[in-house]
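Please look over the sequence and the model below before reading on. The briefing then takes up overall make-up and a few points of backbone geometry.

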Amino acid sequence: MASTSEKATPLFPEASISASATAASREVWTPADHAEIPQPKQPSPSSVKAIVESSAPASASKGTGLPLPSMSRAQTRHPLDPLTAAEISVAVATVRAAGATPEVRDSMRFIEVGLVEPPKNVVALADAYFFPPFQPSLLPRTKGGPAIPSKLPPRQARLVVYNKKSNATSIWIVELSEVHAVTRGGHHRGKVISSTIVPNVQPPMDAVEYAECEAVVKEFPAFREAMKKRGIADMDLVMVDPWCVGYYGEADAPNRRLAKPLIFCRTESDCPMENGYARPVEGIHVLVDMQNMVVLEFEDRRLVPLPPPDPLRNYTAGETQGGVDRSDVKPIHIIQPEGPSFRVDGHFVQWQKWNFRIGFTPREGLVIYSVAYVDGSRGRRPVAHRLSFVEMVVPYGDPNDPHYRKNAFDAGEDGLGKNAHSLKKGCDCLGYIKYFDAHFTNFTGGVETIENCVCLHEEDHGILWKHQDWRTGLAEVRRSRRLTVSFICTVANYEYGFFWHFNQDGKIEAEVKLTGILSLGALQPGEVRKYGTTVAPGLYAPVHQHFFVARMDMAVDCKPGGTHNQVVEVNVIVEEPGDDNVHSNAFYAEEKLLKTELEAMRDCNPSTARHWIFRSGIQGRSTVLGN
């Protein structure tokens, strides 16, 4: 992910170290957070100290830690910066060159390439001496003071590779260096640290596979005959959406790469923005081998009439199709004549006492790193090391075929980041906007760029505080401003907008906006389904839910190797009538320390105003997570 150079306000223009740190483009990275995949062993805090001390210059002052290191070109990128396009190319070339035979190399398909997350000690070291915010206090105190290294440990890339010939999935770790990635244009290889074949798994499907699957199904003779029975002879009108097969028995075991597509059909209209999802094709069963791109099973089980066409269901404005659009909304303009209140240096953002780093991964999309709050005389207080949405699942409640198998894990099966939009094509951000680009590997190992992928902007957010004195009639009000970081992705029919809001009252909010098109089903004439809602003649929307899984690596007032956070559950308790509650009005907040992950598997409970507090080992320092 590369930050666009226009509209950027340097945070430390007077510091030559900052200027060199922002000179290089900054690209996309992916976390090694897949539970089912072995991860590279991270160094312990003591080993990290040994790594950085081994390269410490002789002139470094071990007493004060004040002098900045004599930084070489190897320090032009922060350890959490996404991989550059050149680094992605180097990683792919290194893995491909390591293939044992030409056949193996030609069969490699690259699912994800991202940055191996460095240990928190390395991140703190970089923030203390190499990059903004340049605060040695971020490191724990050591006897004799810190040793300042001349460079940081080399960056590493993690690659998820699918072998189309053998159907094997492997994880590769490649060490990168500046000489490989920048000074020679990215044409030289890195160093393979490890490679591991992961049995009995299938990596996410790729857009190339989707297109190949659609073409294979459309060319299948029995499918073409089934479509003719429904009055469709033009295959250009047919939409085939491959869905992962799911796991309902041994036939669906991940030793095969399988998909069961859903079928839709546009009308004879030549409208390029026609909503084909409004005409689902029911009754056709297709099973596709995605490795070899062949149809394994086909059955035309029942004939359900296609829902009648309706141009007002299309994506275009209603007035273009004979409808009427709203005409009573006057223009509204958001302007910031003096520019924004935020400042950006590479991926480092500072706004209203908040500071953090922006990251992006093919699987999760937007990631917020190193969140901290400047709290007056108490200085920069860490809040969280990492914030993101790591998975989401959409279960459908209709037991009828094909809807019973709609249980989409959109992050793991498709990738939220890989399906992100270029906001050049439409952005809901207003005012002064700072965009960040995102870089990914495609299926064959090339590098692709999503321009203007992440949006950073300020918003007016209503009233922050207001009070009127009833005696004097005088009133005071403060407007609320918030900083929003967002991106939008499309997974088949649905769009998801992910937003992280930073507020002036010290609150961080995560918001997901759902838009796009419903995944619909067709009905027989006069048929009604209790497992869905009829939305138009012959058309219904099956009942379903969207669950989003957030990963929050909290670090409230924490330093590497320091006191860990505690998780405390708070419930409102109503006091039983008695000697302590003679008026039967007493209630209080009760805290419970959750000591283990198993104990912390808790449900929301609005009736007790249940919420959770992430608390530092230092008394009185905490962050509240609401329900």
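What follows is a summary of the fold as a whole, then of its cis peptide bonds and positive phi angles.

The model is predicted. The protein contains 9 helices and 29 strands, and 47% of its 627 residues count as buried.

**Overall make-up**
- Among the contacts in the protein with a separation of 6 or more, 64% are between residues that lie 24 or more positions apart.
- The accessible surface of the protein amounts to about 30600 Å², and carbon and sulfur atoms contribute 53% of that surface.

**Cis peptide bonds**
- Pro132 and Pro133 are joined by a cis peptide bond with an omega of about 15°, and Pro133 sits in the loop that runs between α5 (120-129) and β2 (156-163).
- A cis peptide bond also leads from Asp401 to Pro402, where omega is near 5°; Pro402 belongs to the loop between β15 (380-395) and β16 (407-409).

**Positive phi outside glycine**
- Asp557 is not a glycine, yet its phi is positive at about 55°, and the residue is placed in the loop between β25 (547-554) and β26 (566-574).
- Asp557 counts as buried because its relative accessibility of 12% falls under the 20% cut-off.
- Ala609, likewise not a glycine, has a positive phi of about 50° and lies in the loop connecting β27 (587-594) with β28 (611-615).
- Ala609 has a relative accessibility of 38% and therefore counts as partly exposed, since that class spans the range between 20% and 50%.

How values were computed. Residues numbered from 1 in each chain as written. Predicted model: local features only at pLDDT ≥ 70, side-chain atom pairs only at ≥ 80, totals over all residues. Heavy atoms only, no water. Helix = DSSP H or I, 4+ residues; strand = E, 2+ residues; numbered from the N terminus. Buried < 20%, exposed > 50% of the residue type's maximum accessible area, 1.4 Å probe, protein only. Contact = heavy atoms within 4.5 Å. Areas by Shrake-Rupley, 256 points an atom, 1.4 Å probe, with all protein chains shown as cover.
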